[in-house]
Amino acid sequence: MTRSAAHSRAASLKRSSAKEEQHVIETAIRRRAAEYPALRRVLAIDKGDGLDLHFFVAEPFSAAEDQVLPLVSEVLRMSRVLDVDFMIAPAGAAENVALSQGARPVYEYGARSPE
Amino acid sequence: MSRCPRGRGPCMNTAQDHLNKAAHNRAFLDSLFVTNANADWASIVLFYRALHLVRAYLHHLGINHGISHGVTNRAVAARFPAAVSVSYLKLYNHSRLYRYEQLAATVQDFADLDRNHFRPALQFVQTALPSAV
C-alpha cells in the first residue's frame, strides 16, 4: 500500500469512527433526555472532526443548567474520536442563531424516546 | 514559560507554566473592582484561571489536555470527581454564554461562580499542587 493510500484509508477509518460515535452520543441523549425535565431542545452543529452540542433549557436558568450538567458530563465521557463542545443556554433567541449556523435537531421536548 | 517547538514563541508545556498563568489571571482579577458592568469579563477570566489550574493538574497526571476546550472538558469529566467536574463545566458554560452575550452577568453571578464553583476546583487541584492559586 502506498503512503497516500494508507493516509486515505486512515482518514476514512477516522471518519467512520467519528460518524459511529456521533450516532452513539446522539442516541444516548435522546434516550436519557426525559430524565431531565428542564431540557427543551438539543441541537448539534457538525464541525469537521467535532460536534458542538447546544442544550436549551427552561427557566429558571440556573436550576435547569445544574440539572442538565451531569448529562453533559456523561456525554463528554463518551467521546473518544470526536472533539465535543457544548453550551447550555436558555431556550429562546439563541436557538435561531444555532439553526442559522446549520444546527441539526437531536432532541425535542415531548418527542417519543427511541426504543 | 517554556518555548513551543518550531520556534513559535511562548508555550505552555508544563504544569508550572499553567500555574503561572493561573496566578497571572488571579492577579488581574485582584486588580479589578467587579461591578455589574464588568461581571461578564470577570467571570470569563475566572474561567480561564480554572482552565489553567485543571490543565496544570492534568499535566501533573501525565494526561494530554489537548489544545481545544472539547478535549480539556472531556479529560476533566473523566478524571475529576463528579462535583468538581460539574463545577468546571459550569464555569466553562458561563464563560461561553457571557462571551457571546447570550446571558447577562451580575456581581452576584460572579460571586456565586467564584464561591460555589471555582473554589472547590481550586481546592481539589491544591491537593496535588499546593502552590496553585
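Q: In this predicted model, how many helices and strands does chain A have?
A: Let's start with the order of the elements. Read along the sequence, chain A runs α-β-β-α-β-α-β. Tallying that up, chain A comes to three helices and four strands.

Q: What share of the residues of chain A count as buried?
A: Chain A has 115 residues, and its C-alpha trace spans about 60 × 30 × 25 Å along the principal axes. To count as buried, a residue needs 20 or more other C-beta atoms within 10 Å of its own. In chain A the buried share is 34%.

Q: Among contacts in chain A with a separation of 6 or more, what percentage is between residues 24 or more positions apart?
A: A contact here means two C-beta atoms within 7 Å. Taking the chain A contacts with a separation of 6 or more, those between residues 24 or more positions apart make up 73%.

Q: Which pattern does chain B follow along the sequence?
A: Chain B has zero strands, so there's no β to place, and it has five helices. Written in order, the pattern is α-α-α-α-α.

Q: What is the radius of gyration of chain B, and why does it agree with a compact globule?
A: The C-alpha atoms of chain B fill a box of roughly 40 × 35 × 25 Å along the principal axes, and 42% of its residues are buried. For 133 residues, a compact globule would have a radius of gyration near 14 Å, and the value for chain B agrees with that. That value is 15 Å.

Q: Why are α3(B) and α4(B) roughly antiparallel?
A: Helix α3 of chain B covers residues 69–79 and helix α4 of chain B covers residues 82–99; their axes come within 9 Å. Angles over 145 degrees count as roughly antiparallel. These two are roughly antiparallel because their axes cross at roughly 160°.

Q: Which residues of α4(B) make the contact with α3(B)?
A: α3(B) passes α4(B) in a left-handed crossing. By class, the contact has five nonpolar, three polar and no charged residues. On the α3(B) side you'll find His69(B), Asn73(B), Val76(B) and Ala77(B), and on the α4(B) side Ser85(B), Tyr88(B), Leu89(B) and Tyr92(B).

Q: Is Gly66(B) buried, partly exposed or exposed?
A: Gly66(B) sits in the loop between α2 (39–61) and α3 of chain B. Leaving out residues up to four places away in sequence, Gly66(B) touches Val71(B) and Thr72(B). It has 15 other C-beta atoms within 10 Å, and since buried takes 20 or more and exposed 12 or fewer, Gly66(B) is partly exposed.

Q: Which element supplies the largest share of the side of chain A that touches chain B?
A: In total, 16 residues of chain A are in contact with 16 residues of chain B. Those on the chain A side divide into nine nonpolar, three polar and four charged. Both α2 (61–78) and β3 (83–90) of chain A supply at least two of them, but the largest share, seven residues, comes from α2(A).

Q: How are α2(A) and α4(B) set relative to each other?
A: Glu65(A), Leu69(A), Pro70(A), Val72(A) and Ser73(A) in α2(A) meet Ser85(B), Val86(B), Leu89(B), Lys90(B) and Asn93(B) in α4(B). By class, that contact holds five nonpolar, three polar and two charged residues. The axes are 10 Å apart, at an angle of about 110°. Angles of 65 to 115 degrees count as roughly perpendicular, so α2(A) and α4(B) are roughly perpendicular.

Methods: Residues numbered from 1 in each chain as written. Chains lettered and ligands numbered in written order. Predicted model: local features only at pLDDT ≥ 70, side-chain atom pairs only at ≥ 80, totals over all residues. Axes fitted to C-alpha atoms, helices over the stretch in contact; angles between N-to-C directions. Parallel < 35°, antiparallel > 145°, perpendicular 65-115°, else oblique. Left-handed = near helix turned anticlockwise from the far one by under 90°. Nonpolar A, V, L, I, M, F, W, Y, C, P; charged D, E, K, R; others polar. Rg over C-alpha atoms; globule rule 2.2 N^0.38 Å.
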